[in-house]
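Biologist: Please take a close look at one part of this model, a strand and what surrounds it, and then set that part in the context of the whole chain.

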Amino acid sequence: MCDGVRRVRPGLMPVLVITALLLGGTIAARCSGREPLAASRDWTKSPAIVDLQTTSTIVAVGDVHGDYKRLVHLLKRVELVPEAADQPADIEWAGGTTVLICTGDLIDKGDRSLDVISCFRTLQGKAAAAGGRVIVTMGNHEAEFLADPDDDDKAEQFVAELEQAEIKPEKVAAGTDKLGIGQFLAGLPLAVKVNDWFFAHAGSTQGLTLATLDGEIKDSVKAEGFDTHVLLGKRGLLEARLKPLPWWEREGDTAAESQARLRGYATALGVKHLVMGHQPGKATFSDGTTREAGEMTQKFDGLIFFIDVGMSKAINKSKGAALKIEQHGDRESATAVHAEDRQDLLWSK
């Protein structure tokens, strides 16, 4: 919070909170004298959930966290760019009609978040010109920065990078920076549905239908900004965790109960597969199986895929991997393509 809120007498806090809400802004927004971008987002131009059908190959990558170099090497490995360009201005698209999805957390931890953002913005235009598509969803780091750029827990590295580039973080968070970084981040979709696949940063939809989730996101973000329980709550779409229990599990669940609940979530969305980033660490499931740190894997015969492999050098649980989803006539497969020279077939039907 800003100094004005820190110094206020406790008895006045409810008045400030009510005033901020009535004006459609968060306390942080009131302190900085700006209206949060969330309140004025054009939901037609920037939908909460992108929904599309395609016969093209789908490639999904998880949390990049400011590591431009590893990102472009991975994109070259999956043949979406011809060369791992040193600078994002020089990046080219070689993916044809492929749909590339990143499940958020472009920023923080690494020291080239601005280049990562520029890379995806450049590729969006060049992919579209070739009949392809690049879709980046919002991660919890983007949402928390936009909600409060002074949040040292989530935005410290990104803020330092902005200041080094002589870009005011508060202008980015307000969407008034000349480079359009803030407008790009604030306009990111919160989830993507492609065919039978649903992609979101943390993946937790709490059993809502696609239409209901879409409405909940819009209403909550309009009222509260990006720091809303639908996105950043304990079971939020961008924040839900795999520890102490995976977000779909309940204490005492049998493996069958856990799987049934998660399958019910997918069914409510009208999909067969859930894809999440956000969590690169070790996780243990109700059936006793374990996902090792940095491992791209799936559970329940392709019901859920985990694609955050901790690729940023600042995390360094792996050097990167992409999920490649391909259609082969009436068949479909999902393969982990690693930055190193190997591939693992994760699922097929």
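Modeller: L100 stands opposite V134 in β4. The model is a predicted one, and this pairing belongs to the contact between β3 and strand β4, residues 133-136, which run parallel and are joined by 4 bridges. Between the two strands comes a helix: β3, α6 and β4 together make a right-handed β-α-β unit.

The path from β3 (99-102) to α6 (113-129) goes through a loop, and T103 lies in that loop. T103 counts as buried because its relative accessibility is 0%, where the cut-off is under 20%. Leaving aside neighbours within four places in sequence, T103 is in contact with V61, G62, D63, T137, M138, F199, A200, H201, G277 and I307.

One of these partners, V61, leads back to β2, since β2 covers residues 58-61. The loop between β2 and α5 (68-77) holds H65. H65 has a positive phi of about 45° although it is not a glycine. H65 is also buried, because its relative accessibility is 4%.

After α5 comes another residue with this kind of backbone angle. E79 is found in the loop between α5 and β3, and its phi is near 65°, again a positive value in a residue other than glycine. What is the burial state of E79, buried or exposed? E79 counts as exposed, because its relative accessibility is 58% and the cut-off is over 50%.

Farther along the chain there is a peptide bond to note. K243 and P244 are joined by a cis peptide bond, with omega of about 0°. P244 is placed in the loop between α12 (229-232) and α13 (255-269). As background to these backbone features, most residues other than glycine have a negative phi, and most peptide bonds are trans.

As for the whole chain, the protein has 13 helices and 14 strands. Of its 349 residues, 56% are buried; T103 and H65 are among the buried residues. Among contacts with a separation of 6 or more, 66% are between residues 24 or more positions apart. The protein exposes about 15,200 Å², and carbon and sulfur atoms supply 48% of that area.

Notes. Residues are numbered from 1 along each chain as its sequence is written. This is a predicted model: local features need pLDDT of at least 70, side-chain atom pairs count only at pLDDT 80 or more; totals for chains, interfaces and linings use all residues. Side-chain values use heavy atoms; hydrogens and water are left out. Buried means under 20% relative accessible area, exposed over 50%, partly exposed in between (1.4 Å probe, protein chains only). Contact means heavy atoms within 4.5 Å. Accessible areas come from the Shrake-Rupley method with a 1.4 Å probe; for residues, only the protein chains shown count as cover. Two strands pair if DSSP finds at least two bridges between them. A crossover is right-handed if, with the strands pointing away from the viewer, the path from the first strand over the helix to the second runs clockwise.
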